[in-house]
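Subject: Structure for your files

Hello,

The structure I mentioned is below, and my notes on what was found in it follow. Please read them with the model open.

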Amino acid sequence: MANSKRKFEPQLLGKVLSEIVESKALFRGITNEKINGLWNQLLGDNISQFTDKVELRNETLYVSLSSAPLREELSYGKEKIMRMLNEEMGKETIKKIEILK
């Protein structure tokens, strides 16, 4: 009878952690948390206080704002905001921004 125990090859811890983080659900959650932090950092407290939700889905950033004038104002600067966030992320994570109620 053959030995039924599995034999594992040693791997670098960094490689194993990268594989875990890159799993789809975990990666999406970490990315959303990072974008939320960057949103608050880059746009400041004045805009953050009117921000209800920031969520990345399928390369589109959905931003819910409680202020109609702020929604209007930010709609003109979506390209700049997207460029700033992508620059901080280090890659083109966001391809479109939708401003919502």
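Asn-58 counts as exposed because its relative accessibility is 76%; the classes are buried under 20% relative accessible area, exposed over 50% and partly exposed in between, with a 1.4 Å probe and protein chains only. Asn-58 sits in the loop between β1 and β2, and its phi is near 50 degrees, a positive value in a residue other than glycine. Glu-59 is found in the loop between β1 and β2 as well. The phi of Glu-59 is near 65 degrees, again positive without being glycine, and at 39% relative accessible area Glu-59 is partly exposed. For reference, most residues other than glycine have a negative phi.

A word on the source: this is a predicted model, in which local features need pLDDT of at least 70 and side-chain atom pairs count only at pLDDT 80 or more, while totals for chains, interfaces and linings use all residues. Residues are numbered from 1 along each chain as its sequence is written, and side-chain values use heavy atoms, with hydrogens and water left out.

Overall, the protein chain has 4 helices and 3 strands, in the order α-α-β-β-α-α-β from the N terminus. Helices (H or I, at least four residues) and strands (E, at least two) are DSSP runs, numbered from the N terminus. Of the 101 residues, 29% count as buried.

The sheet is open, with 3 strands in the order β1-β2-β3 and mixed pairing; two strands pair if DSSP finds at least two bridges between them. β1 (51-57) and β3 (96-100) stand at the edges with a single partner strand each, so one side of each has no neighbour in the sheet. From one strand to the next the twist averages 15 degrees; axes are lines fitted to C-alpha atoms, for helices over the stretch in contact, and angles run from 0 to 180 degrees between N-to-C directions.

Strand β2 (residues 60-65) runs parallel to β3 and is joined to it by 5 bridges. One pairing puts Tyr-62 opposite Glu-98 of β3 as bridge partner. Along β3 the side chains alternate: Ile-97 and Ile-99 point to one face and are buried, whereas Lys-96, Glu-98 and Leu-100 point to the other and are not.

Two helices meet these strands. α3 lies across β2 and β3, at about 165 degrees to β3. Helix α4 (residues 78-89) packs on the sheet and touches β2 and β3, its direction making about 120 degrees with that of β3. Contact here means heavy atoms within 4.5 Å.

Finally, Arg-71, which is found in helix α3 (residues 68-76). What is the nearest side chain of opposite charge to Arg-71? It is Asp-52, 6.6 Å away, and Arg-71 is buried yet has no salt bridge. A salt bridge requires a side-chain nitrogen of Lys or Arg within 4 Å of a carboxyl oxygen of Asp or Glu; Lys and Arg count as positive, Asp and Glu as negative, and His and the chain ends are not counted. The Arg-71 side chain does reach the backbone oxygen of Leu-65, at 2.6 Å. Leaving aside residues up to four places away in sequence, Arg-71 touches Leu-65, Ser-66, Ile-99, Leu-100 and Lys-101.

Regards

Definitions and conventions
A polar contact is a pair of N or O atoms within 3.5 Å; within protein, one must be able to donate a hydrogen and the other to accept it, and residues adjacent in sequence count only if both atoms are side-chain atoms.
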